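Me: Could you take a close look at one part of this model for me? I'd like to hear about a single contact region and what surrounds it.

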Amino acid sequence: MFNNLKIIYHQGKQFIPDVTTAQVPGIFRGRPIISTEKVDENELKDICPMDAISINPIRLDMGRCTFCGECARQFPRKIRFTKEYKISSNERERLVVQEGEDKPIEMNTQSRRKEIRSLFSQSLKLRQVSAGGDNSCEWELSASNNVQFDLSRFGIEFVASPRHSDGILVTGPINENMAKPLRIAYDAIPEPKLFILCGVDAISGGIFANSEVLERSVLNDIKIDLYIPGNPSHPLTIINGLVDFTRKK
Amino acid sequence: MNYVTIINNQSISLNDIPEIQYFEFFELNLGLVQDAVQRHCVNYFGFPFDKRVKLFCCIADDSTHQIYVSSTIVTAQESLLSFSAKNFGFEKFEREIHENYGLKYKDHPWLKPVRYPKNRFDQSKTMANYPFFSIDSEELHEVAVGPIHAGIIEPGHFRFICNGEQILHLEIQLGYQHRGIEQQFLNKQKLLQRATLAESIAGDTVVGHTTAFSHIWESLVDFNLTRDIAYSRTIALELERIAIHTGDLSAVCTDIAYQLGSSVFGRLRTPIVNFMQEWGGNRLSKGLIRPERNQFPFTPELAARLTEILNIYEPDFLEMNEQMFNLPSVLSRFERTGVVSHEDVLSIGTVGMAARMSGLKRDIRQSHPYLLYSEIDHKPIVKNHGDVYSRVQIRKEEVKQSMKYIRTMLNNIPHINENSIDLKTPKPNSFAISLVEGWRGEICHCAITDEKGKLSHYKIKDPSFHNWLALAIAVRNNEISDFPICNKSFNLSYAGHDL
Ligand code: SF4
């Protein structure tokens with residue numbers, strides 16, 4: 001008993017009191033800002049391993065970006081990554097950053113379904129499905145609920161069965177071998193339900209985009225409620241994404 | 001000579017690999033591993049060309065630090081003698097070859113699907129009709145779990161045959177995570193795309209797999225690894241080991257409902273992964289390792305920061321271990337649970353922790369050293385009981401060992417070479433192999449280039465490829481309620497296996 005108390009005492013205070021304002025240490029590649037400086041656009045576009053950069057005007061799609069930082073490294077005056085980790089949105093287009101723009105990524109509460117805030121703002125149970133995920137987003141989802149990030153303080157939890165859940169959170173590019181199980185899990189959730197894509201692989205297929213091994217047609221008739229970028233998504237991105245999406249007025 | 005001898009991270013001309021008749025190939029490779037604990041097969045794969053299949057077999061010798069490579073050409077029409085009938089260590093490789101290219105085996109004991117790849121030979125085989133082993137009996141029942149599991153975890157299907165609460169047999173069906181990643185290595189032409197792919201093989205072993213890919217590439221373009229790059233990679237590999245081992249200790253505590261251990265180890269992982277972010281901008285080290293480059297040089301400031309972090313981490317880590325390993329309720333769940341005997345690990349041919357848990361000393365850091373490991377003079381941690389306890393102990397001791405290695409390295413930070421990127425194309429008609437000891441165990445990548453120096457084949461082997469079978473054996477005769485802790489104590493990769 002005494003030993004246990006000693007160990008608990010030695011941990012000190014671990015939890016992050018305010019996960020909406022916490023600073024991330026060291027280098028962090030969050031929301032990018034693209035300046036209006038003139039550069040060789042094609043060269044810049046060509047650097048990106050993920051085809052996340054498009055030109056005329058220059059845009060960076062965080063739904064395709066793996067945040068490797070290569071573009072900023074080679075064009076430091078053109079692209080800069082801020083430490084802003086609140087980069088999730090319920091609209092796919094909002095993940096695209098254009099040159100000359102510098103504004104936070106936000107939810108569009110107008111396009112969010114009416115019932116979401118009233119039903120899920122105090123309690124949200126999600127079923128996670130990895131569909132070809134590489135176990136990095138899965139890792140960060142688990143980390144979101146450790147004693148430091150403590151996602152469950154918001155009443156948000158990951159549950160064992162789709163029948164107990166309010167929605168699905170997908171990681172991974174949705175490959176052929178998991179497309180059917182994903183669909184079955186989704187169909188098993190009672191209405192109204194959410195569908196969330198977490199990580200670059202889930203949002204766009206990531207580095208596997210356009211690969212014949214993906215089977216993303218399962219998304220065709222599912223309404224996607226939330227996009228959480230990153231590779232993997234940082235716990236603070238995940239937590240703020242889920243909280244803003246369900247609570248923002 | 002009917003084989004060629006190379007060392008880790010060496011590339012050779014394809015013509016230097018002797019091409020022999022299948023029967024000679026069969027006798028040669030079986031002979032090499034017969035009664036030789038120090039030798040095992042690190043990779044055995046097929047390379048399709050011209051309606052035929054060229055098989056490459058790579059046997060590593062831990063005592064001479066060499067790798068013996070041989071090859072043969074076969075067709076799908078022949079019916080071949082299987083290696084597996086004589087040596088079970090080859091069973092998975094032969095199943096994979098059969099699944100990919102349709103090669104037939106006369107006497108393979110268990111020719112089951114491996115991962116249902118997109119371009120599999122027999123498209124009539126589907127995930128839904130996997131041929132599970134079954135036993136007919138009124139007393140027995142089957143328990144099917146997955147592909148989607150209860151927690152935040154990757155998918156796989158487990159089929160248990162139980163007698164009451166006791167597991168008689170477990171069969172694991174994998175493939176749900178298949179993303180065609182080997183094919184993508186050929187499709188993507190940019191080096192940065194391939195490095196990004198390597199990071200996605202198994203997102204919990206980013207440093208391990210990306211290092212293996214980088215070494216393959218650097219060997220193919222004759223890049224001389226500078227000391228600062230080797231240094232950064234060695235530190236990153238050991239930090240990855242510390243981070244995941246710590247997380248695994250938390251996970252086993254969770255599975256035995258030991259809340260204190262679960263929380264403390266869980267939070268202890270954070271400073272280590274946060275350091276990875278301070279260093280390279282990503283908690284799982286994505287973006288950190290790049291071929292031919294020191295993307296994020298390890299500076300004296302980072303060294304000071306890491307020393308500070310380890311100094312705080314260590315006493316808390318040791319204190320928690322001390323408490324945990326003295327708690328009877330914890331020990332009763334760890335000891336003699338999920339045992340795999342020495343004979344079994346030898347026969348399966350497990351690698352990494354899944355070998356060292358049961359007296360089989362396999363550790364690439366010692367047997368085929370790369371980076372700075374020959375200077376470190378690494379001594380693998382070996383246990384003998386093959387149970388959950390051994391696997392957990394290995395983690396505790398390896399974390400301590402890695403901290404020691406890192407601290408020694410921190411005393412001697414190399415000067416950073418300015419990057420001069422002159423990207424060369426790989427040598428034509430070549431074969432390259434790279435072995436890295438990731439935190440799970442032996443990672444092996446092989447590459448083949450064509451006459452223009454383009455990649456024409458890329459083969460990845462994650463340690464989980466061998467080790468899943470050890471998990472299935474481990475749970476036999478255990479209570480089904482002990483399955484989670486057995487599983488966590490192995491912590492194998494689905495993505496790394498399914499590719
Ligand atoms: S940081 Fe994103 S946009 Fe920039 S090169 Fe990497 S993947 Fe492309």
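Reply: Sure, let's start with one ion pair that links the two chains: Lys190(B) makes a salt bridge with Asp46(A), with the closest N and O atoms 3.9 Å apart. Keep in mind that this is a predicted model. With the cut-off for a salt bridge set at within 4 Å, the pair of Lys190(B) and Asp46(A) still counts.

That pair has company, since the rule finds five salt bridges across the interface of chain A and chain B. On top of those, there are 37 residue pairs in polar contact between the two chains, counting pairs with both residues at pLDDT 80 or more. On the chain A side, the elements that each supply at least two residues are α1 (2-11), α2 (41-47), α3 (70-74), β6 (124-130), α5 (136-144) and α6 (176-187). Sorted by class, the side of chain A that touches chain B has 30 nonpolar, 22 polar and eleven charged residues.

Zooming out to the whole interface, 63 residues of chain A are in contact with 62 residues of chain B. Together the chains bury about 5,200 Å², and carbon and sulfur atoms give 53% of that area.

Chain A also has residues next to the ligand. Of the 14 residues around the ligand, the ones that come nearest are Cys48(A), Cys65(A), Cys68(A), Gly69(A) and Cys71(A). The shell around the ligand splits into eleven nonpolar, two polar and one charged residues.

Now over to chain B, the home of Lys190(B). Chain B is divided into domain 1 (4-114) and domain 2 (181-498). Where these two domains of chain B meet, the contact takes 38 residues from domain 1 and 37 residues from domain 2. The C-alpha centres of the two domains of chain B lie 26 Å apart. Between them, domain 1 and domain 2 of chain B bury about 2,900 Å², with 60% coming from carbon and sulfur atoms. Asn8(B), Asn9(B) and Ser11(B) supply 19% of the area that domain 1 buries against domain 2, more than any other three residues.

The rule finds one salt bridge across this domain interface of chain B. Glu96(B) and Lys459(B) meet through their side chains in a salt bridge, at 3.1 Å from N to O. There are also 20 residue pairs in polar contact across the domain interface of chain B, with both residues at pLDDT 80 or more. For the side of domain 1 that touches domain 2 in chain B, β4(B) gives the largest share, nine residues. That side of domain 1 of chain B divides into 20 nonpolar, twelve polar and six charged residues.

Note on methods. Residues are numbered from 1 along each chain as its sequence is written. Chains are lettered from A and ligands numbered from 1 in the order in which they are written. This is a predicted model: local features need pLDDT of at least 70, side-chain atom pairs count only at pLDDT 80 or more; totals for chains, interfaces and linings use all residues. Side-chain values use heavy atoms; hydrogens and water are left out. Domain bounds come from an automatic or database domain assignment. Contact means heavy atoms within 4.5 Å. Buried area is the accessible area (1.4 Å probe) that two parts lose on being put together, summed over both. A polar contact is a pair of N or O atoms within 3.5 Å; within protein, one must be able to donate a hydrogen and the other to accept it, and residues adjacent in sequence count only if both atoms are side-chain atoms. Helices (H or I, at least four residues) and strands (E, at least two) are DSSP runs, numbered from the N terminus. Ala, Val, Leu, Ile, Met, Phe, Trp, Tyr, Cys and Pro count as nonpolar, Asp, Glu, Lys and Arg as charged, and the others, Gly among them, as polar. A residue is near a molecule or strand if one of its heavy atoms lies within 4 Å of it.
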